[in-house]
Amino acid sequence: LHQVNISIMLVCVGAGIAVGGIVAAKFSEQKIELGLIPIGAAVMSRLCFLLGSIPATYTLTLILLFLLGMSAGGFTVPLNSFFQARSPRIISHYPFV
């Protein structure tokens with residue numbers, strides 16, 4: 001693959017993460033929705049299996065990578081919200097602790 005094609009693949013994953021995070025925030029409705037975590041994990045595992053098992057064209061690979069990013073966003077947004085809500089207030093202001 002050419003470097004431009006690889007960059008487009010990375011953009012698809014990044015855009016999918018952004019869209020998945022927005023969708024997860026809409027489903028959460030200002031509360032921590034832990035039910036989205038196993039759904040995101042299950043979809044991620046299925047999409048990784050599909051990426052490795054089916055003969056894919058470049059376009060299908062881009063679509064699967066976008067969906068993989070969406071499920072990753074749907075997985076990480078509720079998980080990070082949960083961690084931030086449960087962290088002690090003393091260390092919650094430090095992003096790398």
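**Pocket, helix faces and odd loop angles**

Reader: Let's kick off with valine 23: in which helix is valine 23 found?
Author: Keep in mind that we're looking at a predicted model. At 33% relative accessibility, valine 23 falls between the 20% and 50% cut-offs, so it counts as partly exposed. As for where it sits, valine 23 is part of helix H1.

Reader: And how far is valine 23 from serine 45, C-alpha to C-alpha?
Author: Along the chain, valine 23 and serine 45 are 22 residues apart. In space, their C-alpha atoms are separated by 19 Å.

Reader: I'd like to look for somewhere to put a ligand probe. What volume does the largest pocket have, and which residues are closest to its centre?
Author: The largest pocket comes out at about 200 Å³. It is lined by 14 residues, and the ones closest to its centre are Val23, Ile39, Met70, Ser71 and Gly74.

Reader: Which helices each supply at least two residues of that lining?
Author: The lining of the largest pocket draws on several stretches of the chain, namely 3-28, 36-53 and 58-86. Going by name, the helices that each supply at least two lining residues are H1, H2 and H3.

Reader: For the electrostatics, how many charged residues are in the lining of the largest pocket?
Author: Sorted by class, the lining has ten nonpolar residues. A further four are polar. For charged residues, the count is no residues.

Reader: Over to H2. How far apart are its end C-alpha atoms?
Author: H2 has 18 residues, and at 1.5 Å a residue they should span 26 Å. The model agrees with that expectation, because the end C-alpha atoms of H2 are apart by 26 Å.

Reader: Within what arc do the buried residues of H2 fall, seen down its axis?
Author: The buried residues of H2 are Leu36, Ile37, Gly40 and Leu47. They line one face of the helix, because down the axis of H2 they fall within an arc of 100 degrees.

Reader: Which exposed residues does the face of H2 turned away from its buried side carry?
Author: A helix can have faces like this because residues three or four places apart point the same way, with 3.6 residues a turn. On the face of H2 turned away from the buried side, the exposed residues are Pro38, Arg46, Phe49 and Gly52.

Reader: Any odd backbone angles I should know about? What is phi of glutamate 29?
Author: Glutamate 29 lies in the loop between H1 and H2. Its relative accessibility is 58%, above the 50% cut-off, so it counts as exposed. Glutamate 29 isn't a glycine, yet its phi is positive, near 50 degrees.

Reader: What about glutamine 30: what is its phi?
Author: Glutamine 30 lies in the loop between H1 and H2. At 83% relative accessibility, it counts as exposed. It's not a glycine either, but its phi is positive at about 65 degrees.

Reader: Which rings make up the one aromatic pair, and is the pair stacked or tilted?
Author: A search of the whole structure turns up one aromatic pair. Its partners are phenylalanine 82 and phenylalanine 83, with ring centres 6.1 Å apart. Their planes stand at 50 degrees, between the cut-offs of 30 and 60, so the pair is tilted.

Reader: What relative accessibility does phenylalanine 83 have?
Author: Phenylalanine 82 has a relative accessible area of 25%, so it is partly exposed. Phenylalanine 83 counts as partly exposed because its relative accessibility is 49%.

Reader: Last one, on the start of the chain: how far apart are leucine 1 and tyrosine 58 in space?
Author: Leucine 1 lies in the segment before H1, and it counts as exposed at 73% relative accessibility. In sequence, leucine 1 and tyrosine 58 are 57 residues apart. C-alpha to C-alpha, their distance in space is 9.8 Å.

How values were computed:
Residues are numbered from 1 along each chain as its sequence is written. This is a predicted model: local features need pLDDT of at least 70, side-chain atom pairs count only at pLDDT 80 or more; totals for chains, interfaces and linings use all residues. Side-chain values use heavy atoms; hydrogens and water are left out. On a 1 Å grid over the protein atoms alone, a cavity is a set of points where a 1.4 Å probe fits but cannot get out, and a pocket is an open set with protein on both sides within 12 Å along at least five of seven lines; lining residues have an atom within 4 Å of a point. Grid points are joined across faces, edges and corners, and a volume is the space filled by probe spheres set on the points. Helices (H or I, at least four residues) and strands (E, at least two) are DSSP runs, numbered from the N terminus. Ala, Val, Leu, Ile, Met, Phe, Trp, Tyr, Cys and Pro count as nonpolar, Asp, Glu, Lys and Arg as charged, and the others, Gly among them, as polar. Rings of Phe, Tyr and Trp (its six-membered ring) pair if their centres lie within 6.5 Å; planes under 30 degrees apart count as stacked, over 60 as edge-to-face and the rest as tilted. Buried means under 20% relative accessible area, exposed over 50%, partly exposed in between (1.4 Å probe, protein chains only). The expected span of a helix is 1.5 Å times one less than its number of residues. The arc is that of the directions from the helix axis to the C-beta atoms.
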